[in-house]
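Hi,

Here is the structure I said I would pass on. Have a look at it first, and my notes on the pockets and the core follow underneath.

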Amino acid sequence: MTMNIKRFAYWITTAALLFVMLAGALGELTRQWGTIETHTVLGYPLYVLNIIGIWKILGALILAVPGLPRLKEWAYAGMFFDITGALLSHAFVGTGTIHLLETGSITLLVVASWALRPSSRTFGNLTFPTFSFVKRPSVLS
């Protein structure tokens, strides 16, 4: 994938993710009817709306600003846990296919934005350090 296509795909998925997170936070913090109904059906106490709403805003802000690679990793992880938790909650309670499709799609947005992010927005490579006790075979020339 060329860099321009990857960069474009990153910003499209990230913009969609930021919109979804901020819209969800707004619904949670202002206690919109659909949000209250969903949390009640899932059995969550309503005060959780404030906590999740604030964390969604903070996570979206972290993803939007340049720098802060470690915080970006935490924001992506938090969004992933939040949305997959919602997906599993809907699956366990049986609220319907539409909720599974919505939360599943948002999960894909989180993963796509994370996977497509430019190197300037990463904390480091996904490599594992070699162990010092493992001896590598020497190459004889």
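By class, the residues around the largest pocket come out as 11 nonpolar, 10 polar and 4 charged. Keep in mind as you read on that this is a predicted model. The space in that pocket is about 650 Å³. It has 25 lining residues, and the ones closest to the centre are Glu 28, Thr 38, Lys 56, Ala 86 and Thr 103. Five helices each give two or more residues to this lining: helix 1 (3-29), helix 2 (33-42), helix 3 (48-64), helix 4 (69-93) and helix 5 (97-116). Which of them gives the most? That is helix 4, with 7 residues.

Glu 28 is worth a click in your viewer. This residue sits in helix 1. Is Glu 28 buried or exposed? Its relative accessible area is 7%, so it counts as buried, the cut-off being under 20%. As for what surrounds Glu 28, leaving out neighbours within four places in sequence, its contacts are Thr 35, His 39, Leu 49, Ile 52, Gly 53 and Lys 56. Lys 56 shows up twice, then: as a contact of Glu 28, and among the residues closest to the centre of the largest pocket.

Next, the second largest pocket, with a volume of about 290 Å³. Its lining is made of 13 residues, and nearest the centre you will find Trp 55, Gly 59, Trp 74, Ala 75 and Gly 78. Helix 3 and helix 4 each supply at least two residues here, and helix 3 gives the most, with 7. Sorted by class, this lining has 9 nonpolar, 2 polar and 2 charged residues.

Last, the inside of the protein. The largest nonpolar core has 15 residues, and those with the most contacts inside it are Leu 17, Met 21, Leu 63, Tyr 76, Met 79 and Val 110. Helix 1, helix 3, helix 4 and helix 5 each give two or more residues to this core.

If you want one residue to start from there, try Met 79. What does Met 79 touch, not counting residues up to four places away in sequence? The list is Leu 17, Met 21, Gly 59, Ala 60, Leu 63 and Val 110. Gly 59 in that list is also one of the residues nearest the centre of the second largest pocket, which makes a handy link between the two views.

Cheers

Note on methods:
Residues numbered from 1 in each chain as written. Predicted model: local features only at pLDDT ≥ 70, side-chain atom pairs only at ≥ 80, totals over all residues. Heavy atoms only, no water. 1 Å grid on protein atoms, 1.4 Å probe; cavity = no way out; pocket = protein on both sides within 12 Å on 5 of 7 lines; lining within 4 Å. Points joined across faces, edges and corners; volume = space filled by probe spheres on them. Helix = DSSP H or I, 4+ residues; strand = E, 2+ residues; numbered from the N terminus. Nonpolar A, V, L, I, M, F, W, Y, C, P; charged D, E, K, R; others polar. Core = buried A, V, L, I, M, F, W, Y, C linked by side-chain atoms within 4.5 Å. Buried < 20%, exposed > 50% of the residue type's maximum accessible area, 1.4 Å probe, protein only. Contact = heavy atoms within 4.5 Å.
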